[in-house]
Amino acid sequence: MTLYYTTKEIRNTVAEVYKELNKDYDNLVESGQYNTIAYDVGYINSLCNILGKRELGQQIYNKFMKGI
């Protein structure tokens with residue numbers, strides 16, 4: 001079974017994951033949960049690539065992975 005998502009659904013997912021990561025970032029770094037940050041950034045990056053927004057994905061990567 002194949003699932004298909006609309007562009008709008010993918011964009012909403014990117015926004016939701018970004019918002020949660022941005023909110024929880026400091027706590028995740030303090031508690032050493034770098035794998036969670038890396039997973040979320042990778043997920044967002046992949047979705048941005050699907051949308052053809054590689055530059056946006058790179059900006060998000062730079063924001064969250066810079067200090068890790």
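Among what covers the buried residues of helix α2 (buried meaning under 20% relative accessible area with a 1.4 Å probe, protein chains only) are α1 (7–30) and α3 (54–65). This is a predicted model, in which local features need pLDDT of at least 70 and side-chain atom pairs count only at pLDDT 80 or more, while totals for chains, interfaces and linings use all residues. Residues are numbered from 1 along each chain as its sequence is written, and side-chain values use heavy atoms, with hydrogens and water left out.

**Helix α2**
- Helix α2, a DSSP run (H or I, at least four residues) numbered from the N terminus, covers residues 34–51 and has 18 residues.
- From its first C-alpha to its last, α2 reaches 26 Å, close to the 26 Å expected at 1.5 Å a residue, where the expected span is 1.5 Å times one less than the number of residues.
- Just after α2, Gly52 takes a positive phi of about 80 degrees.

**The two faces of α2**
- The buried residues of α2 are Ile37, Asp40, Val41, Ile44, Asn45, Leu47 and Cys48.
- These residues lie on the same side of α2 because they cover an arc of only 165 degrees around the axis, taken from the directions from the helix axis to the C-beta atoms.
- Asn35, Tyr39 and Ile50, which are exposed (over 50% relative accessible area), are carried on the face of α2 turned away from its buried side.

**The salt bridge**
- Lys23 forms a salt bridge (a side-chain nitrogen of Lys or Arg within 4 Å of a carboxyl oxygen of Asp or Glu) with Glu20, and their closest N and O atoms are 3.4 Å apart.
- Lys23 and Glu20 are separated by about one helical turn, because they are three residues apart in helix α1.

Methods: Helix = DSSP H or I, 4+ residues; strand = E, 2+ residues; numbered from the N terminus. Contact = heavy atoms within 4.5 Å.
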